[in-house]
Amino acid sequence: MSRFSLFLAGGALATAAALSFVIAPAFAQGGNATASGYLGTRVTENIWDGVYSDEQADKGAILYRTACSNCHGKQLEGVPDEGNPALAAPGFMVEWDGQSMADLVAHVHVSPHSRPSDMDPLTAVALAAFILNQNGVPSGKALSTEKSEQGKIAFTQFKPGTK
Ligand code: HEC
């Protein structure tokens, strides 16, 4: 964090903000999304609380078929031989455990080379909703397109209190 404070001391607030954006994913990867979420947002919800709508998941299903299934498989099973990970499997839930919805939405991509967030926010949330749906996570209210809102939602492999 010393570089970060140096920037702040120099009064280059804009640069500091940009830097914190770069280092934020490292925090998120670090694990405990119940304590601190995306960009330091307070985590108040959990993916198992009903954080996407059926409409979003349905829209995502259609988009998925045209934009993603070639690489990630019709059933989201992936093509491991080609390095394309499954998007619906226990392994997927393990991989994202401890991150936030903002992290997942930011990872939704058109091609592996065009991240992050290379698609319009409505499309990205629909695809993220579909992925949750295919992993057995229940629907509820619509998922916000705002990163700050998504960052409040912790991604955990299991519904809290059930494992
Ligand atoms: C050209 C092939 C290709 C296409 C098309 C593609 N992906 Fe991927 N995707 C990959 C590869 C390869 C990875 C693993 C490397 C990485 O994470 O970038 C990946 C990783 C991911 C991950 C992270 C998986 C994990 O567990 O870490 C998500 C989520 C994802 N893709 C979603 C999508 C969605 C949604 C679409 C359609 C809009 C899509 N991808 C289209 C090849 C593709």
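A residue is called buried if 20 or more other C-beta atoms lie within 10 Å of its own, exposed if 12 or fewer do, and partly exposed in between, with the C-beta atoms placed from the backbone. Leu76 is partly exposed on this scale, because 19 other C-beta atoms lie within 10 Å.

The structure on your screen is a predicted model, in which local features need pLDDT of at least 70 and side-chain atom pairs count only at pLDDT 80 or more, while totals for chains, interfaces and linings use all residues. Residues are numbered from 1 along each chain as its sequence is written.

**The whole chain**

Begin with a cartoon view, which should show 8 helices and 3 strands; helices (H or I, at least four residues) and strands (E, at least two) are DSSP runs, numbered from the N terminus. Followed along the sequence, the pattern is α-α-β-α-α-α-β-α-α-α-β. Of the 163 residues of the chain, 26% count as buried.

**Leu76**

Now select Leu76, which sits in the loop between α4 (69-72) and α5 (90-96). Leu76 is not a glycine, and yet its phi is positive, at about 65°.

**The sheet**

Next, select the three strands, which form an open sheet in the order β1-β3-β2 with mixed pairing; two strands pair if DSSP finds at least two bridges between them. β1 (45-46) and β2 (99-100) stand at the edges with a single partner strand each, so one side of each is left without a neighbour in the sheet. β1 and strand β3 (residues 153-155) run parallel and are joined by 2 bridges, and if you pick Glu45, you will find its bridge partner in β3 to be Ile153.

**Where α3 meets α7**

Select helix α3 (residues 54-67), and within it Ala61, which counts as partly exposed because it has 15 C-beta neighbours inside 10 Å. Ala126 is 65 residues from Ala61 in sequence, but their C-alpha atoms are 8.1 Å apart in space.

Add helix α7 (residues 121-134), which packs against α3 at an angle of about 95°, with the axes 7 Å apart; axes are lines fitted to C-alpha atoms, for helices over the stretch in contact, and angles run from 0 to 180 degrees between N-to-C directions. The two helices α3 and α7 are therefore roughly perpendicular to each other, a term for angles of 65 to 115 degrees, whereas those under 35 count as roughly parallel, those over 145 as roughly antiparallel and the rest as oblique. Among the residues making the contact are Ala57, Ala61 and Leu63 of α3 and Ala126, Ala129 and Phe130 of α7, where two residues are in contact if their C-beta atoms, placed from the backbone, lie within 7 Å.

Stay with α7 and colour its buried residues, including Val125, Ala126, Leu127 and Phe130. What covers the buried residues of α7 includes α3 and α6 (101-107). Just past α7 comes Gly136, whose phi is positive, near 80°.

**Tyr52**

Finally, select Tyr52, in the loop between β1 and α3, which counts as buried because it has 27 C-beta neighbours inside 10 Å. Which residues does Tyr52 touch, not counting residues up to four places away in sequence? They are Ala57, Ala129, Leu132, Ser139, Ala142 and Leu143. Measure along the chain and Ala142 is 90 residues from Tyr52, although their C-alpha atoms are separated by 4.4 Å.
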